[in-house]
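User: I am in my first year and would like a close look at one part of this protein, its aromatic pairs. Please explain how they are placed and what surrounds them.

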Amino acid sequence: SFNPNATERVLLCSHWDSRPWADQDTKDRDKPILAANDGAGGVGVLIELANAIKKSPTNIGVDIFFIDAEDYGYSSSLAGLVKIKGETDNSFCLGSQHWAQHPHVPGYKASFGILLDMAVASDAVFTREGTSQYNASWVQDLVWNNAAKLGYSSLFSSQSTAPITDDHLYINQIAKIPTVDIIHYDATTPSGFAKYWHT
């Protein structure tokens, strides 16, 4: 946390875990994935951002949240790989669900949040993802407009895409912090994620 006593705060987050099963692979489906982009990349960006804030301090409060257990969830793609026990709904994003119910500071509030997930591929294009648009359209406008001012409109597309379940869903719903997901969209795959996703 930077400027922990500041009342105006921004939440920046990314998950650092990786999926324990390569469930989208054609072989080795029972092996864990390395997740260079899906997890580690966003964490690396936030670490560098923390270094930049340390060198050039800001007056607002900035909280950087490294989320665990985002990618542990059960889905139909695990059929035959693991024995599924218990609830499958809400089995992803366990760290953000827990934090939203029990934040690091009781009663924690931030003006808005930004989630980075699969945000560092060399060919990344970020669309206006539906969960973000529904819960935090004004934050999406703020981020996309700033990207355009900085000359990155080719990376931040105005295309609207389907809502997804990611950590921002629970931060929006439970913690009531308007949060957007900056996540790579690939129109050439059935999943909408890069072809190497969960492989």
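Analyst: The answer below begins with the whole protein and then turns to the aromatic pairs and their surroundings.

The model is predicted. The protein contains four helices and six strands, and from the N terminus on these elements follow the order β-α-β-α-β-β-α-β-α-β. Its radius of gyration is 17 Å, close to the 16 Å that the globule rule gives for 199 residues, so the protein is as compact as a globular protein of that length. Along its principal axes the C-alpha trace spans about 50 × 40 × 30 Å. Of the 199 residues, 47% are buried. Among the contacts with a separation of 6 or more, 76% are made by residues 24 or more positions apart.

Aromatic pairs can now be considered. A pair of aromatic rings is described by the distance of the centres and the angle of the planes. Rings count as a pair if their centres lie within 6.5 Å, and by this rule the count comes to nine aromatic pairs. One of them joins Phe65 and Trp99, with 4.8 Å centre to centre and 40° between the planes. Planes under 30 degrees apart would count as stacked and planes over 60 as edge-to-face, so the angle of 40° makes this pair tilted. Phe65 belongs to strand E2 (residues 61–67) and Trp99 to helix H2 (residues 94–101), so the pair ties together parts that are 34 residues apart in sequence. Phe65 and Trp99 are both buried.

A second example is the pair of Trp144 and Phe156, which is edge-to-face, with 5.1 Å centre to centre and 90° between the planes. Trp144 lies in helix H3 (residues 130–149), whereas Phe156 lies in strand E5 (residues 156–161); the pair therefore ties together parts that are twelve residues apart in sequence. Trp144 counts as buried because its relative accessibility is 5%, and Phe156 is buried as well, with a relative accessible area of 17%. Elsewhere, Trp21, Tyr72 and Tyr74 form one aromatic cluster.

The surroundings of the two pairs complete the picture. On the side of the first pair, the buried residues of H2 are Gly95, Ser96, Gln97, Trp99 and Ala100. The cover over these buried residues includes strand E1 (9–15), E2 and helix H4 (167–173).

Phe156, from the second pair, also belongs to the largest nonpolar core, which has 20 residues. Together with Ile114, Phe126, Val143 and Ile182, Phe156 is among the members that touch the most other members. At least two residues of this core come from each of E1, helix H1 (36–55), strand E3 (112–117), H3 and E6. The most is given by H3, with five residues. Val143 touches Ile114, Phe156, Val180 and Ile182, residues up to four places away in sequence not being counted. A second, separate core has twelve residues, including Leu115, Ile171, Ala175 and Ile177.

Phe126, another member of the largest core, is touched by His184. His184 lies in the segment after strand E6 (179–183) and counts as buried, at 5% relative accessibility. A polar atom of its side chain lies 2.9 Å from the backbone nitrogen of Val125.

Methods: Residues are numbered from 1 along each chain as its sequence is written. This is a predicted model: local features need pLDDT of at least 70, side-chain atom pairs count only at pLDDT 80 or more; totals for chains, interfaces and linings use all residues. Side-chain values use heavy atoms; hydrogens and water are left out. Rings of Phe, Tyr and Trp (its six-membered ring) pair if their centres lie within 6.5 Å; planes under 30 degrees apart count as stacked, over 60 as edge-to-face and the rest as tilted. Buried means under 20% relative accessible area, exposed over 50%, partly exposed in between (1.4 Å probe, protein chains only). A polar contact is a pair of N or O atoms within 3.5 Å; within protein, one must be able to donate a hydrogen and the other to accept it, and residues adjacent in sequence count only if both atoms are side-chain atoms. Contact means heavy atoms within 4.5 Å. A nonpolar core is a set of buried Ala, Val, Leu, Ile, Met, Phe, Trp, Tyr and Cys residues joined through side-chain atoms within 4.5 Å. The radius of gyration is taken over C-alpha atoms; the globule rule is 2.2 Å times the number of residues to the power 0.38.
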